[in-house]
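Hi everyone, thanks for making time for this one. I'd like to walk you through a fold and then look at its aromatic rings. Let me put it on the screen.

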Amino acid sequence: MPKEIKYSDKSKGQPGLIILFNEIKEIMSPFAGGNYILSADRPGHYEIYYGKEVEVLGKRYPELLFASMLIQKGYIGFYFFPIYIDEAQKKKLAPELLRCLKGKTCFHLKKNDPQLLAQINQALRSGIDYYSSRGWR
């Protein structure tokens, strides 16, 4: 299982972030099941791992992150790991979602935008398809 991280929900005074977090959680939750393990489900932190050993970029891992999110000060940090494993996966993302990318895998989401939520859903579907194409079912 993934290591436990020390974290506290940083949404104090920002009720809009809690609403956005819950919307994204609702989108992510159907992707947990089978070998896709819900490894964190608590206020401000939600995380799904692929729970079997895999080889990525020449290294073996006992499990692999699929997607997670954390409430940070002023934004939701949405982490989407398929784009780290394969740069080509990033090209499948919608331009509006890509504008929120602030690191290798971290998207900063600040507002509850139905178009952006639909794009997150599409990214997750694409990520599952990509993991499946590598035999990670």
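So, to start: in which sense do strand E1 and E2 pair, and over how many bridges? The sense is antiparallel, and there are 6 bridges between E1, which covers residues 36-42, and E2. Please keep in mind that this is a predicted model.

Let's stay with that pair for a moment. E1 and E2 make a hairpin, with 2 residues between them. In the turn you'll find Gly44, whose phi is positive, at about 85°. If you want a handle on the register, look at Ala40: its bridge partner in E2 is Glu47.

Now the other neighbour of E2. Strand E5, residues 64-72, runs antiparallel to E2, again with 6 bridges joining the two. Here Tyr46 has Met69 in E5 as its bridge partner. Moving on, E5 is joined by 6 bridges to strand E6, residues 75-80, and these two are antiparallel as well. Ile71 is bridged to Ile76 in E6.

Put together, we have an open sheet of 5 strands in the order E1-E2-E5-E6-E7, with antiparallel pairing. The edges are E1 and strand E7 (106-109), each of which pairs on one side only. From one strand to the next, the twist averages 15°.

What lies across this sheet? Helix H1, residues 15-28, lies across E1, E2, E5, E6 and E7, and runs at about 165° to E5. Helix H4, residues 114-133, lies across those five strands too, at about 155° to E5.

Back to E2, residues 45-50, for a question about its side chains: how many of its residues are buried? The count is 6 of 6. His45, Glu47 and Tyr49 point one way, while Tyr46, Ile48 and Tyr50 point the other way, and all are buried.

That brings me to the rings. There are 12 aromatic pairs in the structure. One of them is Tyr130 with Tyr131, a tilted pair with 6.2 Å centre to centre and 55° between the planes. Both partners are covered: Tyr130 is buried at a relative accessible area of 10%, and Tyr131 is buried at 0%.

Those two tyrosines also belong to a wider group. Ring pairs link them into a cluster with Phe31, Tyr36, Tyr50, Phe66, Phe78, Phe80, Phe107 and Trp136. Tyr50, which we just met as a buried residue of E2, is one of the cluster members.

That's my tour, and I'm happy to take questions.

Note on methods:
Residues numbered from 1 in each chain as written. Predicted model: local features only at pLDDT ≥ 70, side-chain atom pairs only at ≥ 80, totals over all residues. Heavy atoms only, no water. Phe/Tyr/Trp six-rings, centres within 6.5 Å; stacked < 30°, edge-to-face > 60°. Buried < 20%, exposed > 50% of the residue type's maximum accessible area, 1.4 Å probe, protein only. Helix = DSSP H or I, 4+ residues; strand = E, 2+ residues; numbered from the N terminus. Pairing = 2+ DSSP bridges. Axes fitted to C-alpha atoms, helices over the stretch in contact; angles between N-to-C directions. Contact = heavy atoms within 4.5 Å.
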